[in-house]
Each structure stands twice: as C-alpha cells, then as structure tokens.
Amino acid sequence: MIRLENLTKLYGSFVAVDDISLHVPRGVLYGCLGPNGAGKTTTLRMIAGILRPTQGRVLLGGDDVHINPLSAKMRLGFIPDRPFVYDKLTGAEFLRFVAGLYGQEGDSVERRIAELLEVFELTSWKDELVEAYSHGMRQKLIISSALIHRPECIVVDEPMVGLDPKAARLLKDIFRQFVERGGTVLMSTHTLEVAEAMCDQIAIVQHGKIVAAGTVSDVRRQHQAGDASLEELFLKLTGGAQVRELVEVLGR
Amino acid sequence: MKQPSLAHVLQPKWRTALQRLREERASGGTGKLVILAIVGGLFWAGVFGVLYKILKSLRAVEELGPLIPGKILGLILLSFISILVLSNVITALSSFFLAKDLDLLVSAPVDWLRLYLAKLGETLLHSSWMVALMAVPILAAYGVVFKGGVLFALYAIIAIVPMLILPAVLGSAVTLVLVNIFPARRTRDLLSIIALGAAGGVILLFRVIRPEQLARPEGFRNLLDFVILLRGPTSPFLPSEWASQAIMGFLRHELDPFPLVLLWTTAAAFVTLGAVLHRALYAQGFTKAQEGAERFIRGGWWRWTVGSLLGWLPVAKREFVLKDIKLFFRDTTQWSQLILLAVLIVVYLFNIQALPLHRGEPVGFFYVNLVSFLNLGLAGFVLASIAARFIFPAVSLEGRQMWLLRSSPLDLRALLWSKYWVGTVPLLVLGLILTGLTNALLEVTPFMMIMSLATMTGLTLAISALALTFGTLYPQFETENAAQIPTSFGGLVFMMATIALLAGVIVSLWQAVYQYVRAVYEGRPVVIDAWMFLWFGVAAALCTAATIVPLRMARRKMETFEF
C-alpha cells in the first residue's frame with residue numbers, strides 16, 4: 001500500500017508538488033499521467049526517499065519513508081527514468097550489490113539473479129561491464145534490480161522508455177502478475193495507450209496538483225467527456241490548445 | 001561549407017564555465033572567492049618569500065653571480081615540463097577519446113583541424129593551469145631579485161607559453177599513437193605503459209641531472225669544475241632549458257632572441273606535426289576507443305580474495321566495500337592517478353636519501369631528529385594530497401547512482417563507514433611505510449620511530465575523515481572526470497583544514513620531542529614525565545577530534561542530499 005498525505009515540494013518559491021494526497025491500495029496498478037514538468041518525477045522520488053518533502057508524508061505499507069526509512073524502503077522497489085548504474089560493474093555484480101543493500105546474500109540471491117537475467121534475456125551479458133550495455137539493456141538491469149528483493153510495492157518512472165517491444169510486453173505482464181499477487185505498482189508514464197491498457201486507476205497531474213483521479217471511466221464521468229479516448233481526455237485536462245498550435249506551426 | 005570558428009566549437013565549454021561562475025556568485029559564492037583569493041595570495045606570498053630569500057643570498061656570491069639561480073630555474077622548469085607531459089597524456093585520453101561532447105562534435109560537419117585545435121586547447125588548459133599558476137610567484141621572485149622591471153612579466157609569458165604548448169602536443173600525440181596501437185579501449189594496458197615510461201623517465205631524469213651535486217659543492221675537485229657544471233646547460237635539447245636561457249638572458253640584460261625563437265618555432269612545428277598525425281590517426285583511434293569495452297570480466301577474483309577477508313562484515317557493508325574497490329581499479333581516470341603517486345614517493349624518498357646528514361656527531365643527531373620530526377609534517381602533507389585525490393571524491397562519485405542508495409534501506413552510516421575504511425586502510429599502510437622507511441634511512445632512535453609511527457596513525461585517521469567530510473560538504477555530482485574533483489573549492493578548504501591540523505599536532509608534539517632531543521644531546525637520561533604526556537595527549541586529542549567531529553558532520557550533510 002502506498003499513501004501520500006498532503007505531499008508538497010518547494011524549490012525556492014517554485015511549487016513542484018502542491019499538496020498531493022493519494023492512496024494506492026494493495027493489488028492495484030496505478031498510473032500517474034501528466035505533461036512534462038508537472039511534478040510526477042518529483043513525487044515519485046519523494047516516495048522513494050530520495051527527495052525530502054517540504055510538507056506532508058509518504059507511507060509505504062504503514063511505515064513513514066522519512067521517519068522510519070529502513071523498514072519502509074525494504075518494502076519498495078524503485079525504477080528511475082534515467083538508468084544510471086555503475087558503469088564499471090558487470091550486470092551480475094550490480095545485481096549482487098543491490099541484493100546486498102537489502103541484506104540478502106547466498107545461494108538464494110544467486111538463483112534469483114540467474115532467474116531475472118534469464119527473464120530479461122541478459123544472461124549472455126552478465127559478465128560484461130555495464131558500460132557496454134545499450135540504454136534498453138540498462139533499463140532491464142535496473143528493473144531486475146528493483147525486483148531482486150521481492151518488494152511489496154514498485155514505484156516506476158517511465159517504465160517503457162528504451163525498451164524493445166518484446167521487453168515492453170514482458171514488463172506489462174510482470175507488473176500485471178505482480179499486482180494480481182497482491183503487490184502495488186505506482187507508475188508514471190507519457191504513453192497513454194500503456195496507461196489505458198495497464199492501469200486500474202489513474203491520476204492526471206498538472207502544475208504539481210492532481211486534477212483528476214480514479215478509473216478511466218470515473219475520470220470521463222467527472223469531466224463529462226462522454227466516450228472520449230484517454231488521449232482526448234488528457235489533452236482536455238492539460239491544455240490541448242497548445243498541441244493544436246504546435247501542429248499548426250509544424251504544418252506551415 | 002563555411003566551417004564554424006574555433007571559438008564556436010569551444011562555446012559549450014566556456015559557456016558552462018561562465019554559468020558555473022554565475023551560479024557560484026548567486027549562491028553566495030563571494031565568500032568563497034574571498035577565501036580562494038586569500039589562500040591563493042598566501043600561497044603565492046609563501047613561495048615568493050622563500051625563493052626571494054634564496055635568490056637574494058645566492059646573488060650575493062660574487063664568483064657565481066646568476067649562475068646558480070639560472071641552474072635552479074632550469075631545474076624548476078624541467079620538473080614542470082615532465083609533470084606537464086605526464087598530465088597531458090592522461091588528460092588527452094579523456095578530452096580526445098572519452099569526453100561526452102565527442103559524439104556531437106565528430107558527427108557534426110566540423111573539420112579535423114578545428115576539432116584538433118579545440119581538443120588540444122582543452123587538454124592544454126586542463127593539464128597546465130596549476131603549473132602556470134605555480135610559475136607566477138617563482139618568476140615574480142626572479143623578476144624582483146634581478147630587477148627585471150614591468151616588461152619582464154610580458155617577456156616571461158612569451159617564454160613560458162610555448163613551454164606549455166609543447167608538452168600538450170607531445171602528450172596528445174603519445175595518447176593518439178597508443179590508442180591506435182592498443183585494441184578497443186584497452187586503457188588499462190595503455191596506462192601501464194605510460195606508468196612504466198613515467199617511472200623510468202623520473203629515475204633517468206634524476207640520474208642525468210643529479211641535482212644533489214648542487215647542494216654539495218665540496219664534492220668537486222675545485223671551484224672551476226663547479227662553475228663548469230653551472231655554466232653547462234642541464235639538458236640542451238629540452239624546451240625548459242631554452243625558456244630558462246631566455247628568461248635569465250633578459251634578467252642579465254643580455255637579450256638573445258635565439259632561445260625565444262627556438263621555443264616558438266619548435267612549438268609551431270610541433271602543432272603542425274601534431275595536426276598531421278591527428279589527421280592520419282584520429283578517426284581510426286576514435287573508432288577503436290568507441291568499440292566495446294573490456295568484455296568479459298572475471299569479478300570472481302575480488303570476491304575470493306577481498307570478499308573472503310571481509311566475510312565477518314554485514315552483507316551490505318561487504319558488498320559496498322567490494323563495489324568501491326572494483327570501481328576504483330576499473331576506472332582509468334581514478335587508478336591512473338596512482339602513477340603520479342608512485343612518482344611522488346620515488347622523488348620523496350630520493351630527496352630524504354640525498355640529504356647530507358650523517359657527517360659527524362653530535363650535530364648529526366640533532367638534525368637527524370629535526371628532519372625526522374619535520375618529516376611527519378611533510379609526510380602528513382603528502383598523505384593529505386593523496387587523500388584529496390582518492391578519498392575526497394568518494395561521495396561525489398556516487399552522485400548519479402545516489403537514487404539507488406537513497407531508495408534502498410542502506411543505512412547512511414554503513415555507506416560512510418565503507419567509504420572511510422576503503423580510503424583509510426591503504427592510506428595508513430602508505431603513511432606507515434613512508435614514515436618507517438624515511439626514519440630507517442635517517443637511522444633515528446627507537447623513541448622517534450615509535451613516536452612517528454603512532455603520530456602518523458593518528459594523523460592518517462584524521463586526514464581521511466576530513467577528506468571524506470569536505471568531499472561530502474562540497475560534492476561535485478556532475479563531474480565527468482574524477483581527477484578534476486579535488487581541484488574544486490571544497491578541495492582547497494580540505495587542504496587548509498588539514499594544514500591547520502598538521503600545524504596543531506606538530507606544535508604540540510614539538511614540546512615533548514624537544515625535551516627528549518635536548519636530554520639526549522646533553523647526555524642526560526631521558527625521563528618521560530607529565531609534561532611529555534600532556535603534549536602527547538594534546539596531539540592525540542586533536543587527531544581524535546578531527547576524526548570524529550567531521551564524520552558526524554558528513555553524516556548529517558548526507559541526510560540532507562536531494563537528487
């Protein structure tokens with residue numbers, strides 16, 4: 001379970017996240033949508049304990065991330081949008097290192113590493129330095145590292161960026177199975193088809209605030225959008241006029 | 001197609017530098033600037049003062065006149081040029097082959113000459129700025145002592161600039177050739193060769209020049225032999241000698257344009273040849289550098305050795321230490337600095353060994369102990385420079401991966417603990433070897449040996465803690481090259497804090513050591529009394545405080561990091 005209570009983040013006078021409250025129960029795949037700079041990544045990084053909120057709190061399975069960080073983080077797997085990993089470690093070494101951070105070692109970890117590398121088709125690359133990996137391979141490695149300690153919640157920022165269609169499909173299946181077994185996934189994405197196909201519930205974020213939340217049908221109903229597609233709904237809520245202007249400029 | 005100007009190609013670099021300055025100013029950087037100016041000014045004044053005194057007294061020796069100062073300048077410039085060649089080779093590797101902007105520049109329609117000149121300029125600037133700054137007080141001392149006047153400043157610049165260009169071209173060319181010879185990013189092998197070359201070069205340099213001769217004029221049969229040595233050029237084919245001749249000629253008012261012409265024409269010829277070589281070999285070398293990195297890595301070796309040794313540690317700490325060691329030895333920009341370290345130690349021990357000390361008792365005893373004691377400060381300073389290179393950047397280097405560490409349940413104390421001991425253990429071994437060997441060379445008494453080793457242990461623990469803490473207080477998360485991190489403002493503050501600690505510990509210990517040396521010198525029995533205990537206690541307390549307080553500060557700062 002992930003719960004955000006009045007979460008606010010200020011950078012100087014700039015309000016990046018503005019009093020967001022959200023509850024993602026167990027067994028739900030929740031999508032966070034919004035235009036660039038809306039505050040999605042900042043929110044996810046506060047959930048992962050990387051940024052400290054200016055106000056409000058984050059609870060992971062009942063533990064406050066900033067008051068009780070170690071037990072809260074044991075429940076979490078975080079997948080960032082930019083796959084920065086240690087270039088000079090091999091894939092297997094990196095996964096072993098991450099398992100160690102969660103206090104895990106021994107044969108069970110080795111088996112888990114082999115299993116994850118196999119699933120993401122990285123087995124033949126396991127003894128190569130990460131610097132030789134492509135963007136997509138790094139992304140797969142980071143996803144593996146987030147799963148290595150069998151977390152209860154996964155927080156993922158733009159999961160599909162850089163993945164080939166096969167890996168993207170695989171990830172969708174993994175997330176779906178994860179929530180069916182009682183896990184919680186909160187993901188941010190720009191890919192509206194992905195959100196529509198995968199998410200049980202969504203929140204649309206604009207200027208650091210949630211402007212709509214619920215199932216896609218709920219959001220349609222709330223905003224009297226009839227049977228509009230998620231894309232139309234998204235553009236309506238986040239300023240579609242700008243898109244039309246852009247199309248005109250490019251069409252000249 | 002009209003080619004972009006060189007300034008345009010370099011635009012991202014200077015714009016970034018300007019923006020950094022603006023950001024510094026906006027975030028209250030004026031205070032930093034003032035501190036930098038004061039420390040820099042004090043350092044310059046110190047170097048200037050010492051050299052001024054030496055030159056003044058040497059100039060007064062009638063028979064030798066400006067001969068010895070000329071020789072000293074030649075040696076200084078020669079050491080500059082050897083440092084420059086080495087640092088240019090290492091810098092050229094990143095600026096010509098590994099820098100992030102290369103993909104953009106190589107894929108853009110920028111011609112080879114502009115690319116060469118831009119990257120050569122970048123290499124020159126990064127590897128020479130420190131040497132150039134160091135040259136300022138030295139040349140100023142020469143100018144003042146020999147009454148060179150205002151024009152001397154301009155003349156010195158004209159003489160020194162080609163001396164900076166030549167090693168940059170040479171270093172870049174050596175790197176270019178090596179990258180072409182060695183297959184696909186085998187930088188490890190490449191730098192091993194540079195390491196061997198550098199160590200050999202330094203030893204050869206000392207054997208050829210024998211600088212210790214200058215300190216022992218009594219070793220010559222007569223004054224004439226000594227004067228002949230002084231008059232002869234140290235190394236007639238080296239640009240440092242030409243620059244020294246040009247400068248001393250101006251100062252002696254015997255203006256001879258030949259050395260200057262030689263310097264500039266050689267520099268121009270070198271740039272031309274460097275450009276030709278670049279045109280012929282760069283494309284192939286760049287491609288090779290981009291090809292897959294070292295492929296299969298057998299990480300098992302570290303696991304069986306260091307991993308087994310650390311078996312008693314909790315898994316998170318053990319994995320962290322292992323990770324840090326692997327990253328260090330696989331990152332060329334980090335471990336290649338060990339070459340500079342090896343050269344530094346060779347020179348250090350060579351200097352101690354060359355000291356004319358054991359010539360007669362009892363003066364010898366006093367000086368041996370004095371040198372052994374002062375050596376503590378010097379060795380401490382060497383350790384501080386090494387800590388600045390290797391421990392200071394430790395936290396900054398985690399920058400891009402901090403998302404992983406902060407989102408995992410890793411206790412920040414464990415992180416700090418690992419970083420501290422990974423840096424401290426090798427530093428301590430080095431410190432003890434350096435002190436032990438120096439004391440053995442000086443043949444000191446067991447009292448001095450034990451006191452030195454104990455002090456070095458305390459100092460090393462404190463220096464590591466200070467380096468890690470200042471690296472945490474002034475992190476450089478966005479840097480491309482680990483070697484550039486210590487030259488930041490935080491690095492300077494760390495060095496200042498360490499010098500203050502060294503001064504405090506040395507002054508405290510001196511109270512006790514002086515009593516010991518005096519007792520032995522006067523033939524009295526040595527009594528270790530309350531006074532000695534008090535000062536040993538003060539030194540120990542200083543080291544303990546300088547270890548514990550900074551580490552606590554580092555932890556608090558780390559908790560506030562945001563990414």
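This is a short dialogue on reading a predicted model, taking its chain contact, its surface patch and its salt bridges in turn.

Reader: Hello! I would like to begin where the chains touch. How many residues does each chain bring to the contact?

Author: Welcome! Chain B brings 35 residues and chain A brings 36 residues. You can also look at the area hidden by the contact: about 3400 Å² is buried between chain B and chain A, and carbon and sulfur atoms give 61% of that area.

Reader: Which residues of chain B lose the most area to chain A?

Author: Look for B:Trp403, B:Pro409 and B:Glu562, which together account for 21% of what the chain B side buries.

Reader: And how many salt bridges are there between chain B and chain A?

Author: A salt bridge pairs a side-chain nitrogen of Lys or Arg with a carboxyl oxygen of Asp or Glu within 4 Å. Between chain B and chain A there are three. One of them can be found at A:Glu105 and B:Arg318, where the closest N and O atoms are 2.2 Å apart. If you turn to polar contacts, nine residue pairs are counted between the two chains, both residues being at pLDDT 80 or more.

Reader: Which elements of chain B give two or more residues to the side that touches chain A?

Author: They are helix 14 (315-330) and helix 18 (402-407) of chain B. Helix 14 gives the most, with nine residues.

Reader: How do the residues on that side of chain B divide into nonpolar, polar and charged?

Author: There are 14 nonpolar, four polar and 17 charged residues on the side of chain B that touches chain A.

Reader: Let us move to the surface. Which residues make the nonpolar patch of about 560 Å²?

Author: For a patch like this, the idea is to join exposed nonpolar side chains that lie within 5 Å. Here the patch is made by B:Phe43, B:Trp44, B:Trp129, B:Met130, B:Leu133 and B:Val136. Helix 3 (29-59) and helix 6 (112-145) of chain B each give two or more residues to the patch. Helix 6 of chain B has the largest share, four residues, and B:Leu133 is placed in that helix.

Reader: Back to salt bridges, please. How many does the structure hold over all chains?

Author: Over all chains, the structure holds 29 salt bridges. A good one to find joins the side chains of A:Lys140 and A:Asp164, at 3.8 Å from N to O.

Reader: Where in chain A do A:Lys140 and A:Asp164 lie?

Author: A:Lys140 is in helix 5 (residues 135-147), while A:Asp164 is in the loop between strand 7 (153-157) and helix 6 (165-180) of chain A. The pair links distant parts of the chain, 24 residues apart.

Conventions
Residues numbered from 1 in each chain as written. Chains lettered and ligands numbered in written order. Predicted model: local features only at pLDDT ≥ 70, side-chain atom pairs only at ≥ 80, totals over all residues. Heavy atoms only, no water. Contact = heavy atoms within 4.5 Å. Buried area = accessible area lost by both parts, 1.4 Å probe. Polar contact = N/O pair within 3.5 Å; in protein donor to acceptor, adjacent residues only side chain to side chain. Nonpolar A, V, L, I, M, F, W, Y, C, P; charged D, E, K, R; others polar. Patch = residues over 30% accessible without salt bridge, like charges linked within 9 Å, V, L, I, M, F, W, Y side chains within 5 Å. Areas by Shrake-Rupley, 256 points an atom, 1.4 Å probe, with all protein chains shown as cover.
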